[in-house]
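I opened this entry to keep a record of what I looked up, beginning with the ligand and its surroundings and moving outward to the chain as a whole.

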Amino acid sequence: MARRKMIYEGKAKILYEGPEPGTFVQYFKDDATAFNAQKKDVIDGKGVLNNRLSEFFMKGLTNIGIPTHFLKRLNMREQLIRSAEIVPLEVIVRNFAAGTMSNRLGIEEGTPLPRPIVEFSYKDDALGDPLVTEEYIIAFGWASQQDLDDIIALALRVNDFMSGVMYGVGIKLVDFKIEVGRVWDNDFMRLIIADEISPDSCRLWDMETGRKLDKDVFRRDLGNLADAYTEVARRLGVLPSNVTHTPKPTIIN
Ligand code: C5P
């Protein structure tokens, strides 16, 4: 079989040409990166978990009428997605202060925010994805005012869905990042949720213990990342309840 054409390799995923026009295959790698790839590691099984978890969240969004790029999961590490023109923004929604918001404003992590706050970063690794205002976005033509209004509405719907799903399994959704793409149905443009939704792109805290179940485990050296993601998947019923993350066999001399 001819090798598939690679379209793009990112930090955690690879995009290949799909089987039909207008589709891509999204491959989830085991690579973990943080601080704009200054910290790197390979976490056995992370790609498999994120493929399953992103499928779970995207299907859930589809079921409540929020359009996404997800078409179907192909295997352990790959899913078929709809190609979309990615809006060059990281859309972040925060329910509680954490991470860069806490650092920037000196607000203690975990402080509830008066309302969900949506913020935008310009997607550019070389610049470290700088925070930008709506004025910048419109002035530089990254999105129109109408797009932005729609993106904020979409992001808040995703927040309500994700917060509810996580609350149901005893997890607090502190914040998350989504990416949005444009697709055309003839002349009609629609915005859809693209990229991935997984513990790589969310902050998830156990409601009782405060245990972190997201990429901060890697960023802050708090333990085994795959164990944390397995716990999220297990609680959501994405993995059978008796599965624990089993590392590769170790050769004992
Ligand atoms: O680092 P910061 O506090 O701004 O991150 C807010 C949320 O966005 C976190 O859930 C983080 O995992 C996510 N994020 C991401 N990709 C980035 C930046 C942030 O998924 N490049």
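Before sorting the residues around the ligand I fixed the classes: Ala, Val, Leu, Ile, Met, Phe, Trp, Tyr, Cys and Pro count as nonpolar, Asp, Glu, Lys and Arg as charged, and the others, Gly among them, as polar. I also note that this is a predicted model.

**Entry 1, the ligand shell.** With those classes, I find that the shell around the ligand divides into 4 nonpolar, 3 polar and 8 charged residues. Of the 15 residues around the ligand, I listed E90, R94, T100, D175 and R203 as those that come nearest.

I then went through the polar pairs. In the side chain of T100, an N or O atom is 2.5 Å from an oxygen atom of the ligand, and a polar side-chain atom of R203 lies 2.9 Å from a ligand oxygen. For S201 I looked at the backbone, where an N or O atom lies 3.5 Å from an oxygen atom of the ligand. Taken on its own the ligand has 450 Å² of accessible area, and the protein covers 81% of that. Asking which elements give two or more residues to this shell, I wrote down β9 (89-96), α2 (99-105), β12 (171-185) and β14 (202-206).

**Entry 2, E119.** I turned next to E119, which lies in strand β10 and counts as buried, since its relative accessibility is 11% and the cut-off for buried is under 20%. Its side chain is joined to that of R94 by a polar contact of 2.9 Å, and R94 is one of the residues that I had listed as coming nearest to the ligand. Apart from neighbours within four places in sequence, the residues in contact with E119 include E90, I92, R104 and L131.

**Entry 3, E109.** Is this second glutamate, E109, buried or partly exposed? I have it as partly exposed, with a relative accessible area of 27%, in the loop between α2 and β10 (112-122). A polar atom of the E109 side chain lies 2.6 Å from the backbone nitrogen of G99, and the E109 side chain also makes a polar contact of 2.8 Å with the side chain of R220. I checked the backbone here as well: the C-alpha atoms of E109 and A98 are separated by 4.4 Å, although these residues are 11 apart along the chain. Beyond four places in sequence, W205 and S102 are among the other contacts of E109.

**Entry 4, helix α6.** For this helix (residues 225-235) I found that 8 of the 11 residues are buried, so it is largely enclosed by the rest of the structure. Its buried residues, among them L225, Y229, E231 and V232, pack against β4 (31-34), α1 (46-63), α4 (145-167), β12, β14 and α5 (216-219). At the start of α6, a side-chain oxygen of N224 comes to within 2.8 Å of the backbone nitrogen of A226, and just after the helix G237 takes a positive phi of about 80°.

**Entry 5, the whole chain.** I recorded 6 helices and 14 strands in the protein chain. The radius of gyration is 18 Å, close to the 18 Å that the globule rule gives for 253 residues, so the chain is as compact as a globular protein of that length. Of those 253 residues, 49% count as buried. Of contacts between residues at least 6 apart in sequence, 56% join residues at least 24 apart. The accessible surface comes to about 13,200 Å², and carbon and sulfur atoms account for 53% of it.

Technical notes. Residues numbered from 1 in each chain as written. Predicted model: local features only at pLDDT ≥ 70, side-chain atom pairs only at ≥ 80, totals over all residues. Heavy atoms only, no water. Near = heavy atom within 4 Å. Polar contact = N/O pair within 3.5 Å; in protein donor to acceptor, adjacent residues only side chain to side chain. Areas by Shrake-Rupley, 256 points an atom, 1.4 Å probe, with all protein chains shown as cover. Rg over C-alpha atoms; globule rule 2.2 N^0.38 Å. Buried < 20%, exposed > 50% of the residue type's maximum accessible area, 1.4 Å probe, protein only. Contact = heavy atoms within 4.5 Å.
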